[in-house]
Amino acid sequence: MVQFEKASTPGTKNACGSAITATGMVYAPYLLEGPIEVKVTGSRVYYILRNNKYCMFETVMGGYGMYTIHRTKFDPWHAQQACNAGSELRTATTITDIIKEDDKVVGVTTDEGEKIFAEVVIDAGGAHSIVARKAGLLGRRTGTDNILYATAFVELPEKIVEERFKQLCEWYLTIGGSNYSFNWIFPMRDGVSVGVAGGYMTPKLNIRQQAQEFLNEPIIKEKLKGGKIKSWGIRTDPEKLIEKTYAPGLIVTGHAAGFVQPFIGEGMSFGLMSGRYAAETAAEAISSGDASEETLANYEARWKNDPLFKTMRIYGQTLKDYLLKRPQEEIINTMIAASHWYASPVPFMLKDGVKENDTKKLEKAAKLLIRLENLGIPGT
Ligand SMILES: Cc1cc2nc3c(=O)[nH]c(=O)nc-3n(C[C@H](O)[C@H](O)[C@H](O)COP(=O)(O)OP(=O)(O)OC[C@H]3O[C@@H](n4cnc5c(N)ncnc54)[C@H](O)[C@@H]3O)c2cc1C
């Protein structure tokens, strides 16, 4: 097996909030041995009101619901695990084309013009993957299928991170700010990952302004006091699955296939799920000497029948449909409940299975929060 990476080190070209949920560890438990920064024990949700006021609530999970990582450390470690199992890693090598014979993908071409032949090509090239595009499986991703984010890593001493954030992920919701998603601060050992979710890409969206407004919030200034922005980026998260995730000789995984549910914070976990099923299907195809479309269709059957993925998808879609029909303030209140999902509604839903269009628990939580706010809860 050969892995190709266009960057000189894996993980240096990604922009990511860098928190893997426990769902990801279900698909790839060996990751727990990787370079994890912080084992997250709960979350704080801040609701920023007008006149520099805010309210916050904190919940602690009965275990670790998320793990923060640096992609610049984690991705090289992950690639090395494959090398330890016999793979080769070629960095600073960009795949520029696919090679086809009789309508079957039989290899790829590198930017140096080298042709590499393979029984199965697994595409993990991210949201704008050239391989999926050349194979005709990925069209242009624009507008309302993409959420636009700004992210930054802010360096802070470990002791300060511990004092200010403990082992908690923080979510921030602001009126007039990110209506359809949320902003965050996630603790690392040597600083924090900060993110601003701009929302769906529309001509009105000004992500830079939104990020600046967020950084200017007094509470955020206080949280990041003394910190230095070490890196930043603006990226899109595609949230629509491509129609077909395989072709003769080819399997498409992760961001390239659209395995993301931004509404419930799942990205890497479903990327890992798809990678695992891709590897299993490719191994079967190689050992039987049959990488036909029919054999590789097992990949799609696998992910489509994955119970956790099915549940999360219904949950994410239901939440999205529900939120986008509601007025802004109600959306924000509901997002509080939603971004709080690690600690409350989801474990219950997972236990019983989510029923389509069942938003009752979220609606109940949103109504309760609106009532609490009207009553003037402490901290507002
Ligand atoms: C701003 C932002 C924040 C996010 N935060 C989170 C989060 O906190 N938690 C979470 O779970 N998910 C998060 N996600 C989603 C998560 O980043 C993705 O789901 C995940 O990175 C997808 O993994 P991937 O391997 O499919 O693609 P990528 O991580 O994009 O990796 C693609 C790799 O392929 C390489 N590559 C691309 N093209 C070529 C080529 N032609 N030749 C060779 N190499 C190539 C790239 O350099 C890159 O290393 C976030 C996404 C965004 C945009």
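The face of helix α5 turned away from its buried side carries four exposed residues, R208, Q209, Q212 and N216. This report describes a predicted model, and it starts with that helix.

**Helix α5**

Helix α5 covers residues 207–216, and within this stretch Q210, A211 and F214 are buried. The three lie on the same side of α5 because they cover an arc of only 100 degrees around the axis. A residue is counted as buried here if 20 or more other C-beta atoms lie within 10 Å of its own, and as exposed if there are 12 or fewer. By that rule α5 has a buried side, and the face turned away from that side holds the exposed residues.

**The sheet of β2, β6 and β3**

An open sheet is formed by 3 strands, and their order is β2-β6-β3 with antiparallel pairing. At the edges stand β2 (19–21) and β3 (36–40), each of which pairs on one side only. From one strand to the next, the twist averages 25 degrees. Strands of a sheet pair through backbone hydrogen bonds, either parallel or antiparallel.

How many bridges join β2 to β6? There are 3, and the two strands run antiparallel. Strand β3 is joined to β6 (residues 66–69) by 4 bridges, and this pair is also antiparallel. Some of the partners are listed below.

| Residue | Opposite residue in β6 |
|---|---|
| T21 | M66 |
| V38 | T68 |
| I36 | I69 |

In β6, do the residues M66, T68, Y67 and I69 count as buried or exposed? All are buried, although they point in two directions: M66 and T68 one way from the strand, Y67 and I69 the other way. M66, the bridge partner of T21, and T68, which V38 stands opposite, therefore point one way from β6, whereas I69, the bridge partner of I36, points the other way.

**Around the ligand**

The ligand is surrounded by 33 residues, and the closest are G17, G126, G254, G267 and M268. Several elements give two or more residues to this shell: the strands β2, β12 (146–155) and β16 (228–238), and the helices α7 (254–257) and α8 (268–288). Strand β2 thus appears in the shell as well as at an edge of the sheet.

By class, the shell has 14 nonpolar, 14 polar and 5 charged residues. Which domains give the shell at least three residues each? They are domain 1 (2–10 + 73–141 + 240–305) and domain 2 (36–69 + 143–238).

Conventions
Residues are numbered from 1 along each chain as its sequence is written. This is a predicted model: local features need pLDDT of at least 70, side-chain atom pairs count only at pLDDT 80 or more; totals for chains, interfaces and linings use all residues. Two strands pair if DSSP finds at least two bridges between them. Axes are lines fitted to C-alpha atoms, for helices over the stretch in contact, and angles run from 0 to 180 degrees between N-to-C directions. A residue is near a molecule or strand if its C-beta atom, placed from the backbone, lies within 6 Å of it. Ala, Val, Leu, Ile, Met, Phe, Trp, Tyr, Cys and Pro count as nonpolar, Asp, Glu, Lys and Arg as charged, and the others, Gly among them, as polar. Domain bounds come from an automatic or database domain assignment. The arc is that of the directions from the helix axis to the C-beta atoms.
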